[in-house]
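Q: I'm new to reading protein models, and I'd like a close look at one part: the aromatic rings. Could you walk me through them?

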Amino acid sequence: MSQEPPKESWKSRTGLILTVASGAIGLGNFIRFPGQAVANGGGAFMVPYIISFILVGIPVCITEWIMGRMGGRTGHSAPFLFKSFLSGFPLRIVGAIGVTVPILIYVYYVFIEAWCLAYSFEFLTGQIRFNANGNVPQSEIIQAAGNYYLDITGARANGDAISGKIFYATLTCFVLNFALVYRGISKGIETFAKIAVPLMLVCSAVILVRVLTLDDIDLGLGRMWNPDWSALLKSEVWIAAAGQIFFTLSAGFGIALVFSSYLKRDNDVVLSSLSAASLNEFIEVAIGGMVTIPVAYLFLGGSITQFGMFGMGFIALPSVFSLMPGGEFFGAIWFFVLFLAALTSSVTMLQPGIIFLEESFGIRRRTSVFVLFLFTAGLCFPILYFNENFQALELADFWIGTILIFILASIQIILFGWKVGAKKGLEDGNEGSHLELPKFFWFVIQYVTPAFLLVIFVAFLFQNLPGHFDRMNADTMIAQGIAKGQNFTSEMVEVAKQQALVAKSVFFGILVVFSLIVLLVHYALVYKEKRGQTQ
């Protein structure tokens, strides 16, 4: 092994806050949140949303920062961070989850990032024109936008994404991400965040001003924000709000945990974590909530309810820009905003893997970047290839971007509340902080937040887990289709078998990768221990 790589550090607290915030700011802020709000009571959705932010968002964010600073005494990658709190087999499993989550989320997230880049470029060069003569019926514009979406993302058939232009957009995103992470924390990720976040805000402001100056935009704002108070009586609305808070703050990604490990004991963590979380929430509510649904409803009316998250972002909004005066210009800016949001998130996902390789095995930055590039590119290829109806991407997002991050966040909050001790942990967090948490907050972290997370997780599993296991069995899918009155031809049976094979391949592929990382974590801990004994 080569010598230890140079130690990383942050140039400024502002840079750290912007980096962590930029890691959380992503497509969910601009597309997922508006869709969740409009489907769950409009303005009334903000009641469970704010409560969830207080009971889940703030506690998870603060504990990540405090544990990161505490764990930084023993290392900076997940296995060595958690070494301050765990040992033996639990340390290897939790450490492996901490390494696995950001790397595997990057593998499919960078593909979606490439969609945003491609759309921005296509709008900028005038290649997206669904209403060329200004008289195309709305239904035809939406149909053209839907067809374009399937074509450019390569989702019509397996293999299309490999042979289409989206492959080159994905490759471009790969190069950009690894070029930034190669430069390190302060010169690469922090410097980029200081440029990208303000630029994102400026471009978003341009779009927001244009939207708010449209005639009759109050109708669209009313559709988004008029409260339906009866929604508060529905349990699924509360689950949706808590889930949105959880996902929008990137809780359970382990990124803030790693980045805060570079802080010294007298560096602030409480105000910094609250600032990062608040910036993310501001962008989500003030920009995401004021643009996507209002403008889509204004131009497309009640038909917006038929679009899902990706449909809203990549079918409905391109249709809107085709109907809007100056739509090509504003479309290019909007998708550039989405691209920046995705890029600032994806580049932070790579850093935990880079740190793990360098800290565990003492390799240099060039080698660690090259190894992780090959590893993630190899895993990304199946996501691109098995992209018919986005099946592989959807499945990967469920198992990694939902199940694993819920598990990691729950482990973190339980460790902090019960292993470290919520009172002791908050005392440690208040040290050096510019803002002290109220003393009663230990009760929230030790009892309320874990219970809240457990309820959300169990409810989510109850709603979604059986269906995902059914997707691995072709006979079950066929039986369910027949029960609904579908007539299965031999061709449809083959399609069901192929879909079941992809579902099983994704699930067991994730298990294989996780097992490999568990072994690497075990070897890294043993190697580091032996190395420490000989020095």
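How many aromatic pairs does a search of the whole structure find?

A: Happy to help! Please keep in mind that this is a predicted model. Searching the whole structure turns up 46 aromatic pairs. A pair of aromatic rings is described by two things, the distance of the centres and the angle of the planes.

Let's begin with F440 and F441. Their rings make an edge-to-face pair, with 6.5 Å from centre to centre and 70° between the planes. The arrangement counts as edge-to-face because the angle is over 60 degrees. How do the two partners sit with respect to the surface? F440 is exposed, and its relative accessible area is 54%. F441, on the other hand, is buried, with a relative accessible area of 7%. F440 gets its label because 54% is over the 50% cut-off, and F441 gets its own because 7% is under 20%.

Now step along to W442 and F443. These two also form an edge-to-face pair, at 5.9 Å centre to centre and with 90° between the planes. W442 is partly exposed, having a relative accessible area of 24%. F443 counts as partly exposed too, at 43% relative accessibility. Both values fall between 20% and 50%, so neither residue is called buried or exposed.

W442 has another neighbour to look for. K423 lies over the face of the W442 ring, at 4.5 Å from the ring centre. So when you find W442 in the picture, look for F443 as its edge-to-face partner and for K423 over its face.

Aromatic residues can also be followed beyond single pairs. One aromatic cluster is formed by F111, W115, Y119, F123, F130, Y148, Y149, F310, F314, F321, F335 and F390. Try picking out these residues one by one in the structure.

For some background, you can also look at the spaces in the model. The second largest pocket holds about 370 Å³ of space. Its lining has 18 residues, and P382, I383, S505, V506 and G509 lie nearest its centre. Helix 20 gives the most to this lining, with 8 residues. By class, the lining of this pocket has 15 nonpolar and 3 polar residues, with no charged ones.

There is also 1 cavity of 30 Å³ or more in the structure. The largest cavity contains about 140 Å³ of space. It is lined by 15 residues, with V20, A24, L249, S250 and A256 closest to its centre. The lining of the largest cavity divides into 10 nonpolar, 4 polar and 1 charged.

Conventions. Residues are numbered from 1 along each chain as its sequence is written. This is a predicted model: local features need pLDDT of at least 70, side-chain atom pairs count only at pLDDT 80 or more; totals for chains, interfaces and linings use all residues. Side-chain values use heavy atoms; hydrogens and water are left out. On a 1 Å grid over the protein atoms alone, a cavity is a set of points where a 1.4 Å probe fits but cannot get out, and a pocket is an open set with protein on both sides within 12 Å along at least five of seven lines; lining residues have an atom within 4 Å of a point. Grid points are joined across faces, edges and corners, and a volume is the space filled by probe spheres set on the points. Helices (H or I, at least four residues) and strands (E, at least two) are DSSP runs, numbered from the N terminus. Ala, Val, Leu, Ile, Met, Phe, Trp, Tyr, Cys and Pro count as nonpolar, Asp, Glu, Lys and Arg as charged, and the others, Gly among them, as polar. Rings of Phe, Tyr and Trp (its six-membered ring) pair if their centres lie within 6.5 Å; planes under 30 degrees apart count as stacked, over 60 as edge-to-face and the rest as tilted. Buried means under 20% relative accessible area, exposed over 50%, partly exposed in between (1.4 Å probe, protein chains only). A charge sits over a ring if NZ of Lys or CZ of Arg is within 6 Å of the ring centre and within 35 degrees of the ring normal.
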